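Visitor: Could you take one part of this model and go through its side-chain partnerships closely, with the cut-offs stated? I would like a connected account rather than a list.

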Amino acid sequence: MSAPLPLWPSEARIDAEALEIGRAGDVLRTPFEDGTVRQARRGRGLRTWTILAHLDSDAAHGRFLVWAEAHAHRWFDFPDPLGPGHLRVRVRGGAGGITARARVAANLRRWELRLTLEGAA
């Protein structure tokens with residue numbers, strides 16, 4: 001029996017209004033000298049989820065960075081934003097694929113994380 005997958009940190013709340021769902025390219029395009037292009041399917045493409053997540057403090061951001069270094073490049077369980085259950089995903093680009101932006105309001109710094117997840121189609 002295999003070990004359970006790591007879980008997405010629950011304190012990184014997903015912004016449901018900023019969710020984008022797509023698919024990674026599943027064709028290989030080959031241009032020819034005469035200008036024509038051959039396009040052939042190369043298997044099933046990955047589904048993608050571009051998300052915006054929120055953290056409420058610098059401490060939460062620090063914990064998320066530790067989690068990302070350890071797990072973002074590998075498969076983990078992510079709560080399905082469209083329903084119950086979990087998705088098996090990884091962060092496209094690993095920890096380096098996560099962009100963090102600080103926002104300050106009422107003397108509190110909060111963090112926005114933008115990243116793209118990929119998983120089976």
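**Charged partners along a strand**

Guide: Arg109 is partly exposed, with a relative accessible area of 38%, where buried means under 20%, exposed over 50% and partly exposed the range in between, using a 1.4 Å probe and protein chains only. This is a predicted model, in which local features need pLDDT of at least 70 and side-chain atom pairs count only at pLDDT 80 or more, while totals for chains, interfaces and linings use all residues. Residues are numbered from 1 along each chain as its sequence is written, and side-chain values use heavy atoms, with hydrogens and water left out.

Arg109 has a salt-bridge partner in Asp58, with the closest N and O atoms 2.8 Å apart; the term requires a side-chain nitrogen of Lys or Arg within 4 Å of a carboxyl oxygen of Asp or Glu. The two residues, Asp58 in helix α1 and Arg109 in strand β9, are 51 residues apart, and the pair links distant parts of the chain. Helices (H or I, at least four residues) and strands (E, at least two) are DSSP runs numbered from the N terminus. Asp58 is itself partly exposed, at a relative accessible area of 37%.

Further along, Glu118 forms a salt bridge with Arg90, and here too the closest N and O atoms are 2.8 Å apart. This pair again links distant parts of the chain, with Arg90 in strand β7 (residues 86–91) and Glu118 in strand β9, 28 residues apart. Arg90 is partly exposed at 26% relative accessible area, whereas Glu118 counts as buried at 9%. Elsewhere, Arg13, Asp56 and Arg110 are joined into one network by salt bridges that share partners, and a search of the whole structure finds seven salt bridges.

Strand β9, which spans residues 108–119, also holds Glu112, and this residue is buried, with a relative accessible area of 17%. The side chain of Glu112 makes a polar contact of 2.9 Å with that of Arg103, a polar contact being a pair of N or O atoms within 3.5 Å in which, within protein, one must be able to donate a hydrogen and the other to accept it, and residues adjacent in sequence count only if both atoms are side-chain atoms. Setting aside neighbours within four places in sequence, Glu112 is in contact (heavy atoms within 4.5 Å) with Leu52, Ala53, His54, Thr99, Ala100, Arg101 and Arg103.
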